[in-house]
Amino acid sequence: MREILKDKVAIVGMGCTKFGERWDADVEILIRDAVDEALDDAGVDIKDIQAIWVGTGRGSQQVPMGPCSGIIASSALQTQYIPVTRVENLCCAGQEAVRGATLGVLSKCYDLVLAIGVEKLKDCGYGGLGPMYPGKWEPIYGAYGTPPGRYAMAATAYFNKYGLSPVEGKTVLAEISVKSHYYGARNPKAHLQREVTVEEAVNAPIICWPLGLYDCCGVTDGASAAVLVPTEDAKSYRDDYCTIKAFSIATGPGWLKENEDYDFTYWKETQEGAKVAYAEAGIKDPRKELGLVELHDCFSIAELIACESMFLCGPGEFKHEFTEKRAYYHEGEMPVDVSGGLKSFGHPIGASGAREIYEIYKQIQGKVQYPSRQIKDIDIGLAHNQGGHPGRFVPGIAIIGRP
């Protein structure tokens, strides 16, 4: 796929709902709100759209056929006999929708398409994600079969490998959470709009040690959407459009966690996906060339290991290269999750992938809602999603930027 995709498909409109506990809206309302903003941004009408891809996971089960059909979007938008395809790839579902729409345009089958990511987790009848992660349950880690449990194992493994004491390790994770909440408090669409201190994060109630309350993303509702066209047509819609530079999906074999010598401190799937995306986009040094990374920080430790696994800093160097230098703030050398990330913006499973692209799109245009978190002179950004858990991942990476 190298150099086949780069700059051939453009994003000319995007939309995103307020994320949070949206008791005021069902799935169809969330879809309509995100799509209305995207269509208005692009200056088009739903009747102009030729095909739609919608990404959603398990969380929309209160809608008949919601988890298994494109009807979830066609009903909400009242489309008239156009193809509407539902896609799912765990937490990559929203990005899969954008990828499918991109390939639909690249194939020259369509000239104007829509991608949607959506999830309604608060009305599902169970807390959290439920049994989303199938796999072998062995006594050695069966008690850690929840997402917090699996990521907690990654955190303790990281502390051990790089010689961080429990206090040092907890403090590094707390610094990440402080940043997430700092930006969530400056994002009017974020779920959690409250700053926290290092002391609050370190001393918060434990969910699964060492992960406390402020180390874990919330259970959230929301939707995001994008309008895509061939790049040669983009100027007829707007001047400040963005182009797709690369996409990658790198699904792992799924059995790594069964290995007794599995190293939780780096993620092979993310490394391989990053290599493919960087090659497609022509990026040699991501730390210097990327203006923003929106990554899958479902837990604070996930941000740390994802940065190292995508070669934004060296193995074991996150503490020195990011937290001590504040390099991952919007005025730093390598801004990461200045939207608030999954941690504070929220994580509706199917919506997060497209929402991350929305943040990069707005940053490149210089149109983020609060100028206090606007990155100066940004030309290119990376969105990373990661479904599954350590040892059984499917990461997705999208790179978008100026044409």
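What follows is a walk through a strand, a helix, a buried serine and the nonpolar cores of this predicted model.

Strand β8 is a good place to start. This strand covers residues 242–249, and seven of its eight residues are buried, so the rest of the structure largely encloses it. Strand β1 (residues 9–16) runs antiparallel to β8 and is joined to it by two bridges; here Ile11 sits opposite Cys242. Strand β11 (residues 392–401) is also antiparallel to β8, this time with six bridges. In that pairing, Ser248 of β8 faces Ile397 of β11.

Next comes helix α7, residues 268–281. With 14 residues at 1.5 Å each, the helix should span 20 Å, and its end C-alpha atoms do lie 20 Å apart, so the expected and modelled spans agree. Its buried residues are a mixed bunch: Glu269, Thr270, Gln271, Gly273, Ala274, Ala277, Tyr278, Glu280 and Ala281. Strands β8 and β11 are part of what covers them, and the cover also includes α8 (286–289), α9 (300–309) and β10 (380–389). Right after the helix, Gly282 adopts a positive phi of about 75°.

Ser339 turns up in a loop, the one linking α10 (318–323) to α11 (341–345). Is this loop residue buried or exposed? Its relative accessible area is 0%, and since anything under 20% counts as buried, Ser339 is buried. Setting aside residues up to four places away in sequence, Ser339 touches Tyr183, Gly184, Asn187, Glu294, Phe345, Arg355, Glu359 and Arg373. With one of these, Glu294, there is a polar contact between side chains at 2.6 Å. Glu356 is 17 residues from Ser339 along the chain, and the C-alpha atoms of the two are 8.2 Å apart.

That leaves the nonpolar side chains. In soluble globular proteins, such side chains tend to be buried together. The largest nonpolar core in this model holds 91 residues, and those with the most contacts inside it are Leu228, Ile301, Met310, Phe318 and Ile399. Take Ile301: leaving out neighbours within four places in sequence, this residue is in contact with Tyr151, Ala154, Ala155, Tyr158, Leu173, Leu211 and Trp267. Another core, of 30 residues, lies apart from the largest one and has Ala10, Ala42, Val84 and Val118 among its members.

Definitions and conventions:
Residues numbered from 1 in each chain as written. Predicted model: local features only at pLDDT ≥ 70, side-chain atom pairs only at ≥ 80, totals over all residues. Heavy atoms only, no water. Buried < 20%, exposed > 50% of the residue type's maximum accessible area, 1.4 Å probe, protein only. Helix = DSSP H or I, 4+ residues; strand = E, 2+ residues; numbered from the N terminus. Pairing = 2+ DSSP bridges. Expected span 1.5 Å × (residues − 1). Contact = heavy atoms within 4.5 Å. Polar contact = N/O pair within 3.5 Å; in protein donor to acceptor, adjacent residues only side chain to side chain. Core = buried A, V, L, I, M, F, W, Y, C linked by side-chain atoms within 4.5 Å.
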